[in-house]
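Here is a friendly walk through one protein model, with an eye on its charged pairs and its nonpolar interior. Have the coordinates open as you read.

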Amino acid sequence: LLAGAGAGASALALAACSTGGGQARPTAATDTSDTDKTLNWANWAAYIDEDDDGNYPTLVRFTEETGIEVNYEVAVDDNNTYYGKVKDQLALGQDIGADTVCLTDWMVSRWIRLGYTQELDHGNIPNIANLAPALANPSFDEGRAHSLPWQGGFAGICWNTEKVPGGLETVQDLWSSELKGRVGVLSEMRDTMGLIMLQNGVDIASPDWGDAEFDAAIEILDEQVANGQIRNIKGNSYLEDLKSEDTLAAICWSGDITVLNAEAGDKWQFAIPSAGGTLWNDNFLIPIGSPRKANAETLINYYYEPEVAAEVAAWVNYITPVVGAQEAAVAIDPELAENQLIFPNEETLSNAFIFRALSGAEEQKYQTQFQQILLGS
């Protein structure tokens with residue numbers, strides 16, 4: 001995974017869209033962390049440990065240890081919609097209301113390229129020494145000057161085991177007549193299109209595919225939306241559709257299904273399709289307008305403690321980038337350290353693929369095609 005994720009991060013660096021030439025880069029905000037012991041953290045749903053009362057145990061301990069109060073906000077539904085909300089403020093160097101946010105490699109590349117992130121002070125993050133070496137030098141952020149991984153994971157398929165007792169093995173199974181109108185797919189283009197392309201026999205990590213292969217997959221998506229097979233195309237809010245049984249099967253993210261089972265009854269199953277799943281990483285960034293940079297760095301450092309990383313991983317069931325977390329997980333639960341969604345072995349990783357780098361022209365074309373179907377769904 002680590003070698004693959006590092007390579008994929010490098011490749012995805014090329015995927016960012018240009019927003020136009022000579023615009024001046026914004027200036028970083030003045031850091032007021034010495035006098036302001038607060039922090040705003042924007043993240044995805046079901047992406048941190050949570051107790052039955054809605055508290056975040058690791059964050060509670062962070063505040064106890066540091067005195068920094070954290071406002072944790074579930075604000076990211078998918079990369080594009082979040083970016084759309086904050087891009088104008090970022091361009092002006094304004095505070096977007098988040099002192100750190102976790103986004104996926106290809107979007108991280110865009111923020112860094114446009115000057116929308118602050119450079120990390122590694123002196124405030126000594127636990128960076130625990131970063132898995134293969135993730136230390138992606139081409140979009142060599143030396144990790146602006147970002148650090150939060151979690152990684154897979155996109156695959158899931159289903160309601162009570163309503164679909166026979167289970168699913170392939171993306172093709174989502175198109176069965178028994179599931180008509182009850183299928184959801186993700187609004188993250190690389191995951192939904194990646195899985196359909198893999199089903200078509202395309203190696204999405206290879207540079208050897210292009211418009212023809214993408215167009216063949218987009219035709220399948222278009223057909224399944226037009227004929228009513230696909231009910232919804234959503235970001236993280238797809239979980240609500242599974243809970244309500246609006247959808248009975250979906251293209252989904254691996255750790256979400258473990259959390260869903262814990263919250264709403266143990267009746268969903270996740271699998272990497274037989275043709276393969278996608279592999280990705282989300283990363284901490286400090287937006288250019290954040291006035292609490294040192295506080296954010298203190299938070300990042302805390303989550304790179306192996307014991308803390310293991311505790312988060314035990315709840316979210318995503319792949320931790322922290323060396324030593326697997327050993328720490330043994331103390332929580334020996335079976336946890338063998339969980340393939342958190343600590344995948346070579347066999348599991350052999351069926352997971354990172355969507356290759358896109359040229360600027362490809363990014364614009366493919367996103368436009370995908371968005372047109374999304375808007376029409």
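How many salt bridges does the structure hold? The count is 15 in this predicted model. Three of these pairs are set out below, each with the distance between its nitrogen and oxygen atoms.

| Salt bridge | N to O distance |
|---|---|
| K234 with D241 | 3.1 Å |
| K243 with E240 | 3.6 Å |
| E245 with K267 | 3.0 Å |

**Charged pairs**

Let us begin with K234 and D241, whose closest N and O atoms are 3.1 Å apart. K234 is partly exposed, at a relative accessible area of 26%. Its partner D241 has a relative accessibility of 7% and counts as buried, because the limit for that class is under 20%.

Next come K243 and E240. Where do K243 and E240 sit relative to each other in helix 7? They are three residues apart in that helix, which spans residues 238–244, so about one helical turn separates them. As for exposure, K243 has a relative accessibility of 33% and counts as partly exposed. E240, at 46%, is partly exposed as well.

The side chains of E245 and K267 also meet in a salt bridge, at 3.0 Å from N to O. This pair links distant parts of the chain, with the two positions 22 residues apart in numbering terms: E245 lies in the loop between helix 7 and strand 7 (249–253), while K267 lies in the loop between helix 8 (254–264) and strand 8 (268–271). Are E245 and K267 buried or exposed? Both E245 and K267 are buried.

Elsewhere, D36, D95, D99 and R292 belong to one network, joined by salt bridges that share partners.

**The nonpolar core**

Now to the hydrophobic side of the model. In soluble globular proteins, nonpolar side chains tend to be buried together. Here the largest nonpolar core has 124 residues, and the members that touch the most others are W41, Y82, W111, L221 and Y303. Strand 4 (residues 148–160) supplies the largest share of this core, with seven residues. Domain 1 (38–146 + 286–304) and domain 2 (154–279 + 355–375) each contribute at least three residues to the core.

Which residues is Y303 in contact with, leaving aside its neighbours within four places in sequence? The aromatic partners of Y303 include W41 and W150. Y303 is also in contact with I48, T58, L59, V308, A309, V312 and V322. W41, then, is both a contact of Y303 and one of the core members that touch the most others.

Key. Residues numbered from 1 in each chain as written. Predicted model: local features only at pLDDT ≥ 70, side-chain atom pairs only at ≥ 80, totals over all residues. Heavy atoms only, no water. Salt bridge = Lys/Arg side-chain N within 4 Å of Asp/Glu carboxyl O. Buried < 20%, exposed > 50% of the residue type's maximum accessible area, 1.4 Å probe, protein only. Helix = DSSP H or I, 4+ residues; strand = E, 2+ residues; numbered from the N terminus. Core = buried A, V, L, I, M, F, W, Y, C linked by side-chain atoms within 4.5 Å. Domains from an automatic or database assignment. Contact = heavy atoms within 4.5 Å.
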